[in-house]
Structure formats: C-alpha cells, structure tokens
Amino acid sequence: MTCGMCGYRNQTGETACRSCGARLETPPAPEETERMLAELSGRADLLRPTKMDRALAWACLAFAPIAFAVCFARTGAASFGLVAALAALAGAFCARFPAALWAVYKGRMELYADAGDAAPTDLWSITRKIGYWALAGLALTAVAAAFILGNG
C-alpha cells in the first residue's frame, strides 16, 4: 500500500506508514471509485431523462393535439397543424425516451462497424437535447405560420 502523505510503499496489511506514521486506508473498490467520480463530476446517466426532459416531453404531448385542433378549427390550415403535432410528438419522444433513441442510433452504427460496447457520449446527449428543442420550436413555428397565413 502506498502512503497518501509521503508516497512510501508499505507492505499490504499495514495500518500505519513505516516512513511517516500516517494512517493507511485501503483503497476503495473500482465500482466505488467509479460511482464517486460520476457523483463528483455531476454527470448523470445519459440514458435516463432528466426532470427537464420529462417536463418538456409532457408539454409537447399536451401541445400536439391542441396545436392540431387550433390550426384546423381557427385557421383551416390542417397541414400546419399536422406538422406542429408531429414535431411536438417527435420532440416528446426524443426528450422522454433517450434509451430508445440511443438503441436506434447504436443500430445505425452497427451497419458500419462493431458497436457492441459503444456508450453514449456527452456530445450525443447535447445533440439529442438540441434536437428536441428544435422540434419543439418547429411545432411552435408551424402554429404561428398557420395563424399568419390563415388570417392573411
């Protein structure tokens, strides 16, 4: 065991450093070390939706039928309502089910290379979040376009 204070290599089973007398602690198990690093880095499991992801998913699910109904009834532009509803539903799926989205992405990677042990990266997580915010924005834009073009 290596002393954390002075760096002296002690024999296994020693409780105090032979060089400086500092108390020696057994190193944590690799699983414990990995858990502590993840906790300290603040990195959550990338395949689990955060509270914000779940909130946006519910908002998009609620917005989809409302957008379609409003566009169809108020402006007569059912195609804009359909685009808004589909974009909102796709955004809800991307926000709420990152594991399913990763499975699709990983399956696509399997077409080109062996991706058996591939894990999602922070970049993948960021692009997923950009994607669902973009889809939510598209849904709002489609409703706004239906009002502008339907009343113009």
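## Exercises on a five-helix chain

In helix α3, the residues G81, A84, A85, A87, A88, G91, A92, C94 and A95 are buried, where buried means under 20% relative accessible area, exposed over 50% and partly exposed in between (1.4 Å probe, protein chains only). The model is a predicted one, in which local features need pLDDT of at least 70 and side-chain atom pairs count only at pLDDT 80 or more, while totals for chains, interfaces and linings use all residues. Residues are numbered from 1 along each chain as its sequence is written, and side-chain values use heavy atoms, with hydrogens and water left out.

**Exercise 1. Compare the expected span of helix α3 with the distance between its end C-alpha atoms.**

Step 1: helices (H or I, at least four residues) and strands (E, at least two) are DSSP runs, numbered from the N terminus, and helix α3 covers residues 78-96, which makes 19 residues.
Step 2: the expected span is 1.5 Å times one less than the number of residues, so helix α3 should span 27 Å.
Step 3: the end C-alpha atoms of helix α3 are 26 Å apart, which agrees with the expectation.

**Exercise 2. Determine how spread out the chain is in relation to a compact globule.**

Step 1: the chain has five helices and zero strands, and it follows the pattern α-α-α-α-α when read along the sequence.
Step 2: the radius of gyration, taken over C-alpha atoms, is compared with a globule rule of 2.2 Å times the number of residues to the power 0.38; for 152 residues the rule gives 15 Å, whereas the chain has 26 Å, well over that value, so the chain is more spread out than a compact globule.
Step 3: the C-alpha trace spans about 85 × 35 × 20 Å along its principal axes, and of the 152 residues 26% count as buried.

**Exercise 3. Describe the aromatic pairs F68–F72 and W102–Y105.**

Step 1: rings of Phe, Tyr and Trp (its six-membered ring) pair if their centres lie within 6.5 Å, and planes under 30 degrees apart count as stacked, over 60 as edge-to-face and the rest as tilted; the structure holds five such pairs.
Step 2: F68 and F72 are stacked, at 6.1 Å centre to centre with 10° between the planes. They lie four residues apart in helix α2 (residues 51-75), and so are separated by about one helical turn; F68 is partly exposed at 32% relative accessible area, whereas F72 is exposed at 51%.
Step 3: W102 and Y105 are tilted, at 5.5 Å centre to centre with 35° between the planes. They lie three residues apart in helix α4 (residues 98-110), again about one helical turn; W102 is buried at 8%, and Y105 is partly exposed at 32%.
Step 4: ring pairs link W102, Y105 and W124 into a cluster.

**Exercise 4. Explain why C71 is in no disulfide, and place C94 beside it.**

Step 1: a disulfide is a pair of cysteine sulfur atoms within 2.5 Å, and the structure holds zero of them.
Step 2: the closest cysteine sulfur to that of C71 belongs to C60 and is 15 Å away, too far for a bond; C71 itself is buried, at 0% relative accessibility.
Step 3: C94 is in no disulfide either, the nearest cysteine sulfur being that of C60 at 9.6 Å, and C94 is buried at 14%.

**Exercise 5. Find the surroundings of R128.**

Step 1: R128 lies in helix α5 (residues 122-151) and is buried, with a relative accessible area of 6%.
Step 2: with contact meaning heavy atoms within 4.5 Å, R128 touches D53, C94, A95, P98 and L101, not counting residues up to four places away in sequence.
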